Amino acid sequence: MVSMFVPQFKRGKAEAEKDGCVQMKAVILAGERRMRVHGQTWTGSKSMLPLFGRPVIEHLLLLLRGSGMEEVLVVLGQDQQAIRDHFGTGERFGINLSYLEGERRESTAECLKACVPCLGKEDFFVTKAAAVCDFDLHSAIEFHREKQAK
């Protein structure tokens, strides 16, 4: 079974850009298989592994929100209900979370292809759910736009 919600932007692009925000959707690929962390008893998904008191994916969501991305599509794999249960609609984090779940996808390309109906032809930012980073997404996206990268 595949369920999906096509998010709508809450603000217009011009309004967001006046605030210095990036008006872009983000996709988080959270379909990783369960794994055992060496030396730990953790057997859940990497994205829900606690890091400084929060799941790894929560740090990523806060980074996206801080960069002005308010619409996030999370691609779930099998046995990923914990992510949906923890984050819900994303309202308490100041973002609008949507979920795409269903059949198992073997590759990143297959995951992204499944997102196309939700994203349309707009630019979007993609990351893996277990990514731990802290960098200026706004500058990276502006560079992408200035160079007219495709």
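## A first look at the fold, its cores and a pocket

Strand β6 (124–128) and helix α5 each supply at least two residues of the lining of the second largest pocket. That pocket has a volume of about 160 Å³. Ten residues line the pocket, and the closest to its centre are Met24, Asp123, Phe124, Phe125 and His144. Please keep in mind that this is a predicted model.

Now for the overall plan. The protein has five helices and six strands, and along the sequence they follow the pattern α-β-β-β-α-β-α-β-α-β-α. Of the 150 residues in the protein, 40% are buried. Among contacts with a separation of 6 or more, 72% join residues 24 or more positions apart. On the outside, the protein exposes about 8,900 Å², with carbon and sulfur atoms supplying 53% of that area.

Next, let us turn to the interior. The largest nonpolar core has 24 residues, and those with the most contacts inside it are Ile28, Leu64, Val72, Val74, Ile83, Phe87 and Leu97. Several elements each supply at least two residues of this core: β1 (25–30), α2, β4 (71–76), α3 (81–87), β5 (96–100) and α5 (137–146). Which element gives the largest share of this core? Helix α2 does, with five residues.

Helix α2 covers residues 56–66, and its buried residues are Val56, Ile57, Glu58, Leu60, Leu61, Leu63 and Leu64.

Val74 offers a good place to see how the chain comes together. Setting aside its neighbours within four places in sequence, Val74 is in contact with Ile28, Ala30, Ile83, Leu97, Ser98, Tyr99 and Leu100. There is also a second, separate core of ten residues, and Val27, Leu29, Ala114 and Leu119 are among them.

Finally, here are some details at the helix ends. At the start of α5, a side-chain oxygen of Asp136 reaches to within 3.2 Å of the backbone nitrogen of His138. Beyond the other end of α5, and also after α2, there is a residue with a positive phi. The table sets these two residues side by side.

| Residue | Place | Phi |
|---|---|---|
| Gly68 | follows α2 | positive, near 95° |
| Gln148 | just after α5 | positive, about 50° |

Helix α5 is a good element to look for in the structure: α5 supplies residues to the largest nonpolar core and to the lining of the second largest pocket.

Definitions and conventions. Residues are numbered from 1 along each chain as its sequence is written. This is a predicted model: local features need pLDDT of at least 70, side-chain atom pairs count only at pLDDT 80 or more; totals for chains, interfaces and linings use all residues. Side-chain values use heavy atoms; hydrogens and water are left out. Buried means under 20% relative accessible area, exposed over 50%, partly exposed in between (1.4 Å probe, protein chains only). Helices (H or I, at least four residues) and strands (E, at least two) are DSSP runs, numbered from the N terminus. A nonpolar core is a set of buried Ala, Val, Leu, Ile, Met, Phe, Trp, Tyr and Cys residues joined through side-chain atoms within 4.5 Å. Contact means heavy atoms within 4.5 Å. Accessible areas come from the Shrake-Rupley method with a 1.4 Å probe; for residues, only the protein chains shown count as cover. A polar contact is a pair of N or O atoms within 3.5 Å; within protein, one must be able to donate a hydrogen and the other to accept it, and residues adjacent in sequence count only if both atoms are side-chain atoms. On a 1 Å grid over the protein atoms alone, a cavity is a set of points where a 1.4 Å probe fits but cannot get out, and a pocket is an open set with protein on both sides within 12 Å along at least five of seven lines; lining residues have an atom within 4 Å of a point. Grid points are joined across faces, edges and corners, and a volume is the space filled by probe spheres set on the points.
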